[in-house]
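Here are my notes on the model you sent round. They are numbered so that you can reply point by point.

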Amino acid sequence: MKTIRLCMLVLVLFFGVLWSQSIYSQDDANTKSMFVRVYDLGGEKIGKGDVGFVNDSVIQVIKNDKPQQFKVNNIGFIKTKRSGGHHVLIGAGIGLVSGAVIGASVTDSSGPDSFFPWTKTDGAMVGGLLGAAGGAAIGGISTVAKNSVIYTINGDVGKWKIFISDMKL
């Protein structure tokens with residue numbers, strides 16, 4: 001019973017830290033850039049990252065501190081926010097770690113009377129697998145609420161100006 005209380009306390013503290021970082025962020029809202037994915041006229045992804053700047057003819061996208069610039073006449077469309085697979089992967093990672101911690105901490109193989117004499121490692125593996133599956137499912141569900149926007153440009157300067165005004169850069 002004591003280990004269950006300890007696990008609950010660890011989970012509450014862990015998720016409390018995650019939520020507090022997003023709620024009480026120190027970043028200025030004006031300096032935080034938007035993540036976009038840029039596609040060419042044929043529908044192939046040609047770049048992704050945070051928006052560095054946008055002007056009348058070019059968008060700069062920065063990924064891993066490497067800027068790329070794309071001209072309006074080469075852009076087919078732009079998608080905002082990250083893909084659904086990103087949410088699934090992050091959810092699976094969080095579920096894996098938290099499930100492994102919980103599985104290892106609640107496993108009790110003391111004594112010969114145990115029906116399944118599991119070790120802490122076995123508990124961590126099973127908990128991690130179940131946590132990863134649950135986290136992936138939650139990440140998949142969260143993709144519905146991400147509200148990604150697709151801006152169709154097709155090399156048109158008029159549609160580009162609409163994108164710039166929506167970005168408010």
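1. How many residues does the hairpin that joins strand 2 to strand 3 pass through? The hairpin goes through three residues. Please keep in mind throughout that this is a predicted model. Strand 2 covers residues 45-54 and strand 3 covers residues 58-63. The two run antiparallel and are joined by four bridges. Within this pairing, Val54 stands opposite Ile59 of strand 3.

2. Strand 3 also pairs with strand 4, again in the antiparallel sense, over six bridges. Here Ile59 has Phe70 of strand 4 opposite. Ile59 therefore has Val54 across from it in one pairing and Phe70 in the other. The hairpin of strand 3 and strand 4 has two residues between the strands, and Asn64 in this hairpin takes a positive phi near 55°.

3. These strands belong to an open sheet of six strands, paired antiparallel, in the order 4-3-2-1-5-6. Strand 4 (66-71) and strand 6 (150-152) are at the edges; each has a single partner strand, so one side of each is left without a neighbour in the sheet. From one strand to the next, the twist averages 40°.

4. A general remark for reading the sheet: in a regular strand, side chains alternate between the two faces.

5. Helix 4, residues 157-167, lies across strand 2, strand 3, strand 5 (75-80) and strand 6. The helix runs at about 55° to strand 2.

6. Is Ile164, a residue of helix 4, buried or exposed? Ile164 has a relative accessible area of 17%, and buried means under 20%, so Ile164 counts as buried. Ile164 and Ile59 are 105 residues apart in sequence, while their C-alpha atoms are 9.7 Å apart in space. Ile59 is the residue placed opposite Phe70 in point 2.

7. Which residues make the nonpolar surface patch of about 250 Å²? They are Leu96, Val97 and Val101. Leu96 is located in helix 2, which spans residues 84-106. With a relative accessible area of 42%, Leu96 is partly exposed, because that class lies between the 20% limit for buried and the 50% limit for exposed. Ile164, by contrast, is buried at 17%.

Terms used: Residues are numbered from 1 along each chain as its sequence is written. This is a predicted model: local features need pLDDT of at least 70, side-chain atom pairs count only at pLDDT 80 or more; totals for chains, interfaces and linings use all residues. Side-chain values use heavy atoms; hydrogens and water are left out. Two strands pair if DSSP finds at least two bridges between them. Axes are lines fitted to C-alpha atoms, for helices over the stretch in contact, and angles run from 0 to 180 degrees between N-to-C directions. Contact means heavy atoms within 4.5 Å. Patches are made of residues with over 30% relative accessible area and no salt bridge: like charges are joined within 9 Å, nonpolar side chains (Val, Leu, Ile, Met, Phe, Trp, Tyr) within 5 Å. Accessible areas come from the Shrake-Rupley method with a 1.4 Å probe; for residues, only the protein chains shown count as cover. A salt bridge is a side-chain nitrogen of Lys or Arg within 4 Å of a carboxyl oxygen of Asp or Glu. Buried means under 20% relative accessible area, exposed over 50%, partly exposed in between (1.4 Å probe, protein chains only).
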